[in-house]
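User: Hi! I'm new to reading protein structures. Could you walk me through this one, feature by feature?

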Amino acid sequence: MGEHFTVYRSLLAASVRSQLAYPASFTLQCAAQALLQLQNMVVILVLFSRVGEMGGFTRQEALLIFSLAGISFGLADMLVGSLDQLGRLVRTGTLDALLLRPLPAMTQICATDFALRRVGTVGTALAVLGYVLATSDISWTPLRVAVLLITPLTGLVLLGAVWVAASATTFWLVEGQELPNAVTYGSGLFTSYPVSIFSGWLLRLMAFVVPGAFVAYYPALAILGKPDPLGLPPVLQYSAPLVAVLAAGVAALAWRAGLRHYVGTGS
Amino acid sequence: MLACYLRLIRAGFRRYSTYRQAMVAGLATNVVFGFMRCAVLLTVFAGSAQVAGYDPSRTVTFAWIGQGLIAVVLIWGNTDFGERVRSGDVAVDLLRPVDLQAALLAEDLGRASFALLTRFTFPLLIGLAFFDLTLPGSALRWTAFGLSVLLAILVSFAIRFLLNLVAFWLLDWRGLLSLHGAISTVLAGLAIPIAFFPGWARVAIWATPFPAIIQAPIDIAIGRGSALLLLTHQLTWAVALLAAGRLVLGRAIRTLVIQGG
């Protein structure tokens, strides 16, 4: 395990060095990520210029959800977003080479394609969070502070699990590597809004089957001390860590099943 | 000569119709986002029946046509040509007895036609099945919409061509591409109707070529504003950007040094 970590660290360092080799390009890519995140915020602000509340949330409350979701999504994309490339690795046979090395394939994929540019997303989301916390009137309790501090981590685990589980489908649908986007980038959009604006199958699928509601929505309700507009039990507001552990377990099983199914594309 | 370009259009169509699984996967994503965008946009009607000239029906039509156009106009760009510049394969392209820009455009039109048949049509049918859409009511408006989509493809091609040409000067031009990808969603009118913005922002956004790619065809479909004015905006940008592409290509070729041979 310790040995794995050393290898992982040097792969990561090499990946970071290679990204910094073109500083101008890297700066532009960071700026692009920041801009993308700002653009998503502009959409929310423009919507709130036309309406007073969204799904039972005021502008400040919605921005709290948006910023918490943005931090987790940026971190998840940074760490495991490169699994998007799995289809290409399978098609070109690169995966076979990775499987021969004494380090888990997923670790290798994620370390060599570590998306440092996503600091742009995380930075912007953090700035929005700072603004929201400074301008909102939240009555802090130790429990609420704890929820605030742990939410980026649970959100990262949740979205990371979604990414891993969704990418594992690529082992079966090699050409369909865009399919996971529906739930990975889809969760990026879904989790940055109050889930109470959605309904029907979309809400059930993206909030509870794909556990999007636990990334930012329920933690934000806990921090704000607000009852759930969906009317579901209050215990859900504190369930994110438990759901994250479960999701990580499911993702690990899905990935293993995928790897076992994989027999190479051969030539 | 024309026959050659027609064959390139067909080749573009065939090339993209080969990857059926990829097409279905992309389609699924567009559809899921379509439902989500509808839910997000419909929140503005909590207190009023009309917002900036949009009613709920026009708003969901906005969302579904936008989702359908993503793959047709490749709103976030593509890198095929830039990669050929980077690898030096562009030297082979330049040796061919066809106009490079026209040949790439022909191939892109073929690609876009396949996308229209699949990635545009299917989300629209899903939208029709689940929502009350506002679609053109007359043959004339359908014709104007068709023309507008064609112009949208031309403008988007012209922008993508210019962005890829940067590869002649910059070894790593992906930063620029991602910057373009980051601003195009809002500026083109994919995420939210441009009409929802405050007045000064609307003027600024319409001064760019981006609304010609998504918002203009949508406006024509749902009958907002003057179709003639919208088509003129698109045509002007198409001509200007295609001409700019030719100019820059001419300069780029002069900077090109081909090794070996």
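**Reading the core and the contact**

Analyst: Sure, let's begin with the core. In this predicted model, the largest nonpolar core has 160 residues, and A:Ile65, A:Leu158, B:Ala152 and B:Val155 touch the most other members. Helix H7 of chain B, residues 139-165, gives the most to this core, with 14 residues.

User: Why look for a nonpolar core at all?

Analyst: In soluble globular proteins, nonpolar side chains tend to be buried together. Here, 47% of the 261 residues of chain B count as buried.

User: Which residues is A:Leu158 in contact with, leaving aside its neighbours within four places in sequence?

Analyst: A:Leu158 is in contact with A:Pro211, A:Phe214, A:Val215, A:Val243, A:Ala244 and A:Ala247.

User: And how many helices and strands does chain B have?

Analyst: Chain B comes to eleven helices and zero strands.

User: How do I read its overall size?

Analyst: Check the radius of gyration against the globule rule. A compact globule of 261 residues would be near 18 Å, and chain B has 19 Å, so the two agree. The C-alpha atoms of chain B fill a box of roughly 70 × 40 × 35 Å along the principal axes.

User: How many residues does each chain bring to the contact?

Analyst: Chain B brings 35 residues and chain A brings 36. On the chain B side, helix H2 (20-42) and helix H8 (174-187) are the elements that give two or more residues. H2(B) gives the most, with 13 residues. By type, the side of chain B that touches chain A divides into 24 nonpolar, nine polar and two charged residues.

Terms used. Residues numbered from 1 in each chain as written. Chains lettered and ligands numbered in written order. Predicted model: local features only at pLDDT ≥ 70, side-chain atom pairs only at ≥ 80, totals over all residues. Helix = DSSP H or I, 4+ residues; strand = E, 2+ residues; numbered from the N terminus. Rg over C-alpha atoms; globule rule 2.2 N^0.38 Å. Buried ≥ 20, exposed ≤ 12 C-beta atoms within 10 Å, placed from the backbone. Core = buried A, V, L, I, M, F, W, Y, C linked by C-beta atoms within 7 Å. Contact = placed C-beta atoms within 7 Å. Nonpolar A, V, L, I, M, F, W, Y, C, P; charged D, E, K, R; others polar.
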